[in-house]
Amino acid sequence: MNLKLILFILGLPCFAFSQSIDKAIEKHNSNTVEYISVEELVQLKNSDHNIKLLDTRQPTEYGISHLQNAIFAGYEDFNLKSIQDKINTQDTIIVYCSIGVRSEDIGELLQKAGYKNVFNLYGGIFDWVNKGHQVYHQQEITKKVHAYDRFWSKYLKAGKKVY
């Protein structure tokens with residue numbers, strides 16, 4: 001077999017797994033919750049201190065790191081009653097997860113429950129960190145980010161991956 005052909009075949013898995021966050025979101029989301037970009041969120045945080053950030057990941061992920069002042073909402077165990085005293089229907093609510101797939105599901109539930117201003121952080125905590133923004137473990141800045149699993153971790157290009 002030709003050496004170029006062998007190298008091409010061996011290189012195919014690399015191309016197959018070099019998918020971007022954009023392509024993953026396009027594949028897995030239905031755009032039912034309006035997106036907000038990392039840059040738009042930074043501007044919003046700087047101008048309006050009344051936004052609510054909801055972390056829709058698992059407790060272990062949130063425990064490693066989260067956006068500053070984020071409220072843990074969860075995903076598999078999401079229960080609106082557990083966060084209703086922290087948010088109201090008129091708040092600007094930003095939901096996020098690793099890249100924005102699970103958070104879309106929680107955003108849909110919030111919309112169905114009557115919350116008016118719900119946005120999904122495009123690219124999630126991964127894009128937030130990839131663009132140089134800080135995450136927190138409790139009240140301390142950390143470089144650690146829960147990378148969910150080996151498959152999804154390919155989208156996290158910065159920070160220290162934790163599983």
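These are my notes on the cores, one helix and one buried serine of a predicted model.

**Ground rules.** I number residues from 1 along each chain as its sequence is written. In this predicted model, local features need pLDDT of at least 70, side-chain atom pairs count only at pLDDT 80 or more, totals for chains, interfaces and linings use all residues, and side-chain values use heavy atoms, without hydrogens and water.

**Cores.** I looked up the largest nonpolar core (buried Ala, Val, Leu, Ile, Met, Phe, Trp, Tyr and Cys joined through side-chain atoms within 4.5 Å). It has 25 residues, and L41, L53, L67, I99, L121, I125 and F126 touch the most other members. At least two residues each come from α2 (21-28), α3 (38-47), β4 (92-96) and α7 (124-130); helices are DSSP runs of H or I, at least four residues, and strands are runs of E, at least two. With four residues, α7 gives the largest share. Another core of 14 residues lies apart, including V33, A73, I93 and V95.

**I99.** I checked its contacts (heavy atoms within 4.5 Å). Beyond four places in sequence, I99 touches residues including I21, A24, I25, L121 and W152.

**Helix α2.** I21, A24 and I25 are buried (under 20% relative accessible area; exposed is over 50%; 1.4 Å probe, protein chains only). They line one face of the helix, because seen down its axis they fall within an arc of 95°, taken from the directions from the axis to the C-beta atoms. The face turned away carries exposed K23, E26 and K27. Cover for the buried residues includes β1 (35-36) and α7.

**S65.** I found S65 in the loop between α4 (59-64) and β3 (71-72). Is S65 buried or exposed? S65 counts as buried, at 0% relative accessibility. Its side chain reaches the backbone oxygen of K144 at 2.7 Å.

Methods. Polar contact = N/O pair within 3.5 Å; in protein donor to acceptor, adjacent residues only side chain to side chain.
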